[in-house]
Amino acid sequence: MEDAEDVEIASWGTIMQDKIFDVRNMKEQDYWNIVRHYYQNTELGLLDTVPQKQLVLLFCNDKFPNRDMIMTDRELEKLNSFPLTITIYRGVSSKEKLDFKEYGYGMSWTINKNTAKWFASRFKDEHQVVLQMEIPTCDVLAYFDKEEEIVIDTTRCHGRNIKNI
């Protein structure tokens with residue numbers, strides 16, 4: 001019988017371009033390559049179909065515990081060079097299809113304020129906001145060089161002081 005965690009991950013794969021991933025016999029590096037690919041190549045539509053809590057579970061998977069494998073050696077080195085607490089930014093606009101009460105402010109942030117400004121202004125609407133938050137580096141799930149992206153565990157960020165800058 002399939003493990004409940006396997007079913008949850010496989011159903012997420014089904015949503016992603018109709019591919020089902022059987023993780024029971026999957027190599028760990030293959031798993032992390034798939035998660036990285038779909039996380040980085042799916043825009044806001046992913047959050048329209050997959051609850052953010054399920055996305056966090058993809059990064060916090062007991063079957064594949066070596067989450068560092070999602071990053072390149074360079075990205076991992078950069079993440080390990082961060083201080084204990086970092087300042088991160090997120091650009092949002094009214095076009096972002098999130099229910100902030102249910103999902104919070106998203107998993108994708110950046111350490112680059114200018115990148116956040118670009119994300120806030122890319123849809124050219126009147127509600128452009130750049131958010132800033134201080135988080136412990138231990139709450140970072142991954143760092144990706146592209147966009148200097150910080151993937152955070154949103155389940156650990158509720159109640160944090162998020163500033164509108």
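**Burial, pairing and backbone angles in a predicted chain**

Modeller: Of the 165 residues of the chain, 44% count as buried. Buried stands for under 20% relative accessible area, exposed for over 50%, and partly exposed for what lies in between, with a 1.4 Å probe and protein chains only. This is a predicted model, in which local features need pLDDT of at least 70 and side-chain atom pairs count only at pLDDT 80 or more, while totals for chains, interfaces and linings use all residues. Residues are numbered from 1 along each chain as its sequence is written, and side-chain values use heavy atoms, with hydrogens and water left out.

Biologist: What pattern does the chain follow along the sequence?

Modeller: The chain has seven helices and six strands, in the order α-α-α-α-α-β-α-β-α-β-β-β-β. Both kinds of element are DSSP runs numbered from the N terminus: helices are H or I with at least four residues, strands E with at least two.

Biologist: Why is β1 called largely enclosed by the rest of the structure?

Modeller: Strand β1 (residues 85-93) has nine residues, and seven of these are buried, so the strand is described as largely enclosed.

Biologist: What makes β1 and β3 a pair?

Modeller: Two strands pair if DSSP finds at least two bridges between them. Nine bridges join β1 to β3 (residues 128-136), and the two run antiparallel; therefore the definition is met. Within this pairing, I88 has M133 of β3 as its bridge partner.

Biologist: Which residues of helix α7 are buried, and why are they placed on the same side?

Modeller: In α7 (residues 113-121) the buried residues are T115, A116, F119 and A120. They cover an arc of only 140° around the axis, which puts them on the same side of α7; the arc is that of the directions from the helix axis to the C-beta atoms. An α-helix has 3.6 residues a turn, so residues three or four places apart point the same way. The buried residues of α7 pack against β1, β2 (108-110) and β3.

Biologist: Why is β4 described as largely enclosed, and which residue of β5 is the bridge partner of V140?

Modeller: Five of the five residues of β4 are buried, so the same description applies to this strand. β4 and β5 pair in the antiparallel sense over four bridges, and the partner of V140 is I152.

Biologist: What makes the phi of E147 noteworthy?

Modeller: The phi of E147 is near 65°, a positive value in a residue other than glycine. Most residues other than glycine have a negative phi. E147 belongs to the loop between β4 (140-144) and β5 (149-152), in a hairpin with four residues between the strands. E148, in the loop between β4 and β5, has a positive phi of about 45° although it is not a glycine.

Biologist: Why are E147 and E148 called partly exposed?

Modeller: Relative accessibility is 36% for E147 and 25% for E148; each therefore falls in the intermediate class.

Biologist: How many disulfides does a search of the whole structure find, and why is C138 called exposed?

Modeller: The search finds zero disulfides, a disulfide being a pair of cysteine sulfur atoms within 2.5 Å. C138 has 58% relative accessibility and therefore counts as exposed, whereas C60, at 30%, is partly exposed.

Terms used: Contact means heavy atoms within 4.5 Å.
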